Amino acid sequence: MSTYGRFPLTLVRGAGCRVWDDRDRSYLDFVAGIATCTLGHAHPAMVQAVTQQMQTLHHVSNLYYIPPQGDLAKWLVDHSCADRVFFCNSGAEANEGAIKLARKYAHVRRGIENPVIVTAQASFHGRTLATVTATGQPKYQQNFSPLVPGFHYVPYNDLAALEAVIEALDAETPQVAAILLEPLQGEGGVRPGDQAYFQRVRQLCDEKEILLILDEVQTGMGRTGHLWGHETLGIEPDIFTSAKGLGGGVPIGAVLCKASCDVFQPGDHASTYGGNPLVCAVALSVCQTLEREHILQNVQQRGEQLRSGLQTLASKYPHLISEVRGWGLINGLELKPDQPVTAIEVVKAAMQEGLLLVPAGPQVVRFVPPLIVSAEEVEQALALCDLALAQV
Ligand code: PLP
């Protein structure tokens, strides 16, 4: 089906931070499957994990214990504030699981009959019916009504607005079951969360027994320079979700939560493929490589290098660029609203120069390279981006 507006480019192979098209032209990949290929392309650790697990046992049902699933869950629990993990196949599916968990918690622990989940305007949580409803962007919801009931939207990083909405919704009887936020809004334009805001939201949730759910689908697995975006904000969520970078490019998602809010029982939630041996073995190889090769340090250093280079470009093209922002290796170049060039035009010009970039909304160009990107590759990308900006 024609669900994608594709670029006229056919990619056939990749290695590290480079991909090649069907005419054997190479591109520096600062899209990484949209913040997904943590270790770049064809990383030896992933190749070995796929090969070995495929030769051993690639799929069995969740009716049985699956060692690589247990190993991956243990790694995640050991490296986060979570105690429990449910595996699925994508970011949207992980958020669906989190929504179901929060609703069940509201029903069985708080006696709320019609739970409401508050989410942010300009957020992005996925394309299934519940997650597209949670997404605070009407353009993604148009023509898909009736949407799922039980969602309410507030401006991002705006404490007064959030407090007012909770007060209004809970005025007669408690209704607010959870607040669902991205630590940094990715699709919504690479907008970092405000630390003071998130810390106050955490307090508010504690005071009112509201669950704080963080969507770490894009910010998780080291992308922000910490393993989880919420570490950058200095808070712990009750529930958070992961996907994208977790598998480094194989389809996996996860719902992670504290033991105190794990109200799921056998039969409540399931997935045929979720947590299968093949994807879990690969995801575990991604996790272990991140740790063994101290990749978070690289994310912090390369992130600073990239932002500083983008600031230099912003000074060189002041008529075009209004702001550079981001954390670690998720960064955005915002174009001024009062000039005619759009993000997609910059992306197309960069592609001509041999650099792959992706828009985050109409005015922001997003830079989300593999987390293994080298200093030299960041310099090359900045030089190619300079050529693209000169063209547009
Ligand atoms: N949540 C966030 C923050 C995302 O950025 C995305 C995808 O871009 C999703 C959820 C949906 O993930 P998926 O496309 O794997 O369903």
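So, the crossing of α3 and α10 is left-handed. Helix α3 covers residues 67-78 and helix α10 covers residues 277-292, and the two pack at an angle of about 35° with their axes 8 Å apart. On the α3 side, the contact is made by Pro 68, Gln 69, Asp 71, Leu 72 and Trp 75. On the α10 side you've got Pro 277, Cys 280, Ala 281, Ala 283, Leu 284, Cys 287, Gln 288 and Glu 291. Sort that contact by class and you get nine nonpolar, two polar and two charged residues. And before I go on: this is a predicted model, so please hear everything that way.

Okay, next, α13, which has two partners I want to show you. Start with α11, residues 295-316, against α13, residues 375-391. The axes come within 10 Å and cross at roughly 20°. Angles under 35 degrees count as roughly parallel, so that is what we call α11 relative to α13. As for the hand, α11 passes α13 in a right-handed crossing. What does α11 bring to the contact? Arg 302, Gln 305, Leu 306, Gly 309, Leu 310, Leu 313 and Lys 316. From α13 come Ala 375, Val 378, Glu 379, Leu 382, Cys 385, Asp 386 and Leu 389. By class, the residues of this contact split into eight nonpolar, two polar and four charged.

The other partner is α12, residues 343-353. Here the angle with α13 is about 125°, and the axes are 8 Å apart. That makes α12 oblique to α13, and the crossing is again one we label right-handed. Val 346, Ala 349, Ala 350 and Glu 353 make the contact from α12, while α13 offers Leu 384, Leu 387, Ala 388, Leu 389 and Gln 391. The class count here is seven nonpolar, one polar and one charged. If you have the structure open, click on Leu 389: that residue of α13 is listed in the contact with α11, and it is listed in the contact with α12 too.

Let's leave helix packing and go to single residues. Arg 110 sits in helix α4, which runs over residues 91-110. To give you a ruler for that helix, the C-alpha atoms of Arg 110 and Ala 94 are 16 residues apart along the chain and separated by 23 Å. Which backbone oxygens does the Arg 110 side chain find? One belongs to Val 176, at 3.0 Å. The other belongs to Glu 209, whose backbone oxygen lies 3.2 Å from a polar atom of the Arg 110 side chain. Leaving aside neighbours within four places in sequence, the contacts of Arg 110 are Tyr 105, Pro 174, Val 176, Ala 177, Lys 208, Glu 209 and Ile 210.

Now stay on Glu 209 for a second. That residue is in the loop between α8 (195-208) and β10. Its phi is near 60°, a positive value in a residue other than glycine. At 40% relative accessibility, Glu 209 counts as partly exposed.

There's another positive phi at Asn 157, near 65°, and that one isn't a glycine either. Asn 157 lies in the loop between β6 and α7 (159-169), and it is partly exposed at 28% relative accessibility. While we're on backbone details, a cis peptide bond joins Ser 145 and Pro 146, with omega about 0°. You'll find Pro 146 in the loop between α6 and β6 (151-154).

Last up, two threonines. Thr 224 is in the loop between β10 (211-215) and α9 (229-233). Is Thr 224 buried or exposed? Buried, because its relative accessibility is 6% and the cut-off is under 20%. Its side chain makes a polar contact with the side chain of Thr 232 at 3.2 Å, and it also reaches the backbone nitrogen of His 226 at 3.4 Å. Beyond four places in sequence, Thr 224 touches Thr 219, Gly 229, Thr 232, Val 299, Trp 327 and Gly 328.

Thr 135 is in the loop between α5 (129-134) and α6 (138-141). This one is buried as well, with a relative accessible area of 0%. Not counting residues up to four places away, it touches Ser 123, Phe 124, His 125, Gly 126, Tyr 140, Gln 141 and Tyr 153.

Terms used:
Residues are numbered from 1 along each chain as its sequence is written. This is a predicted model: local features need pLDDT of at least 70, side-chain atom pairs count only at pLDDT 80 or more; totals for chains, interfaces and linings use all residues. Side-chain values use heavy atoms; hydrogens and water are left out. Helices (H or I, at least four residues) and strands (E, at least two) are DSSP runs, numbered from the N terminus. Contact means heavy atoms within 4.5 Å. A polar contact is a pair of N or O atoms within 3.5 Å; within protein, one must be able to donate a hydrogen and the other to accept it, and residues adjacent in sequence count only if both atoms are side-chain atoms. Buried means under 20% relative accessible area, exposed over 50%, partly exposed in between (1.4 Å probe, protein chains only). Axes are lines fitted to C-alpha atoms, for helices over the stretch in contact, and angles run from 0 to 180 degrees between N-to-C directions. Angles under 35 degrees count as roughly parallel, over 145 as roughly antiparallel, 65 to 115 as roughly perpendicular and the rest as oblique. A crossing is left-handed if the near helix is turned anticlockwise from the far one by less than a right angle, and right-handed if clockwise. Ala, Val, Leu, Ile, Met, Phe, Trp, Tyr, Cys and Pro count as nonpolar, Asp, Glu, Lys and Arg as charged, and the others, Gly among them, as polar.
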